[in-house]
Amino acid sequence: MQRRADNGVDAIIVVHADSVFVRVVDIGLGGILADQIGGRSSAALPLSQADAIDLVHRSTLGAVVRERGLDIDALVDAVIRIAAGVDAALEIVRLRCNPILIARRGAAVLSAFHLPAVGKDGLQPCQPRSRAGPPAVGSTKRSLSDSPGR
């Protein structure tokens with residue numbers, strides 16, 4: 001048996017390549033109507049902690065999370081971890097996490113889908129380019145309330 005998810009707000013985080021092959025992270029309100037709701041905010045990878053805080057701060061999702069007194073730091077941490085994970089795994093073309101439940105305490109990815117890259121033959125996965133590894137992602141030490149202008 002699985003533990004019941006707490007009440008909160010459904011979020012969506014999508015990491016993908018845009019038209020000029022720059023990896024981008026989009027965040028917004030999630031759930032079954034995520035694509036119809038729209039209103040997503042985006043930022044290019046790699047994403048620093050300050051970038052993630054800014055992305056959440058300027059998003060509709062961030063406003064809803066703050067208004068309802070939910071865990072804004074957990075949302076920032078989820079954005080950082082998901083973006084860093086995909087940025088390090090170059091064989092993933094797209095990752096869609098929807099819904100991510102943002103609760104009063106913490107966040108939980110309830111469903112995720114990834115699209116792997118394929119080789120020139122269309123069948124074999126591409127070999128990832130050499131990379132030093134994912135950036136270190138620890139707990140969020142800076143909160144949205146620490147942002148400039150707050």
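## A guided tour, starting at L47

Select L47 and show its neighbours: leaving out residues up to four places away in sequence, L47 touches V25, A52, V79 and A83. Keep in mind as you explore that this is a predicted model.

**Step 1: the nonpolar core**

Now widen your selection. L47 belongs to the largest nonpolar core, which has 32 residues. I13, V25, I27, L47 and V79 are the members that touch the most other members. Colour the elements that give two or more residues to this core: β1 (8–17), β2 (23–29), α2 (49–57), α3 (60–67), α4 (72–88) and β4 (92–103). Which of them gives the largest share? That is α4, with 9 residues.

**Step 2: along helix α4**

Hide the rest for a moment and look at α4 alone. Pick the C-alpha atoms at its two ends and you will find them 24 Å apart. With 17 residues at 1.5 Å a residue, the helix should span 24 Å, so the model agrees with the expected value.

Bring the rest of the chain back. Is α4 largely enclosed or largely open? Of its 17 residues, 13 are buried, so the rest of the structure largely encloses this helix.

Go next to the start of α4 and show the side chain of D71. One of its oxygens reaches to within 3.3 Å of the backbone nitrogen of D73.

**Step 3: two salt bridges**

How many salt bridges does the structure hold? There are 2. As background, side chains of opposite charge can pair when their charged atoms come close.

For one of them, stay on α4 and select R81 and D77, whose side chains meet with 2.7 Å from N to O. These two residues are 4 apart in the helix, so about one helical turn separates them. It helps to know that an α-helix has 3.6 residues a turn, so residues three or four places apart point the same way. Turn on the surface and compare the partners: R81 is partly exposed, with a relative accessible area of 43%, whereas D77 is buried at 16%. The cut-off for buried is under 20%.

Then select D54 and R58, which form a salt bridge with their closest N and O atoms 3.3 Å apart. Here D54 is partly exposed, with a relative accessible area of 39%, and R58 is partly exposed at 43%.

**Step 4: Q49 in helix α2**

Select Q49, which you will find in helix α2. This residue is partly exposed, and its relative accessible area is 30%. Draw a distance from its C-alpha atom to that of V79: the two residues are 30 apart along the chain, yet these atoms are separated by 9.2 Å.

**Step 5: two cis peptide bonds**

Most peptide bonds are trans. Where can you look for a cis one? Select L45 and P46, which are joined by a cis peptide bond with omega about 0 degrees. P46 sits in the loop between β3 (41–44) and α2. Then move to N98 and P99, where the peptide bond is also cis, with omega near 0 degrees. P99 has its place in strand β4.

**Step 6: zoom out**

Finally, show the whole chain as a cartoon. You can pick out 4 helices and 6 strands. Followed from the N terminus, the elements run β-β-α-β-α-α-α-β-β-β. Of the 150 residues, 40% count as buried. Among contacts between residues at least 6 apart in sequence, 55% join residues at least 24 apart. Switch on the surface as a last view: the accessible area is about 8900 Å², and 53% of it belongs to carbon and sulfur atoms.

Notes:
Residues numbered from 1 in each chain as written. Predicted model: local features only at pLDDT ≥ 70, side-chain atom pairs only at ≥ 80, totals over all residues. Heavy atoms only, no water. Core = buried A, V, L, I, M, F, W, Y, C linked by side-chain atoms within 4.5 Å. Buried < 20%, exposed > 50% of the residue type's maximum accessible area, 1.4 Å probe, protein only. Contact = heavy atoms within 4.5 Å. Salt bridge = Lys/Arg side-chain N within 4 Å of Asp/Glu carboxyl O. Expected span 1.5 Å × (residues − 1). Polar contact = N/O pair within 3.5 Å; in protein donor to acceptor, adjacent residues only side chain to side chain. Areas by Shrake-Rupley, 256 points an atom, 1.4 Å probe, with all protein chains shown as cover.
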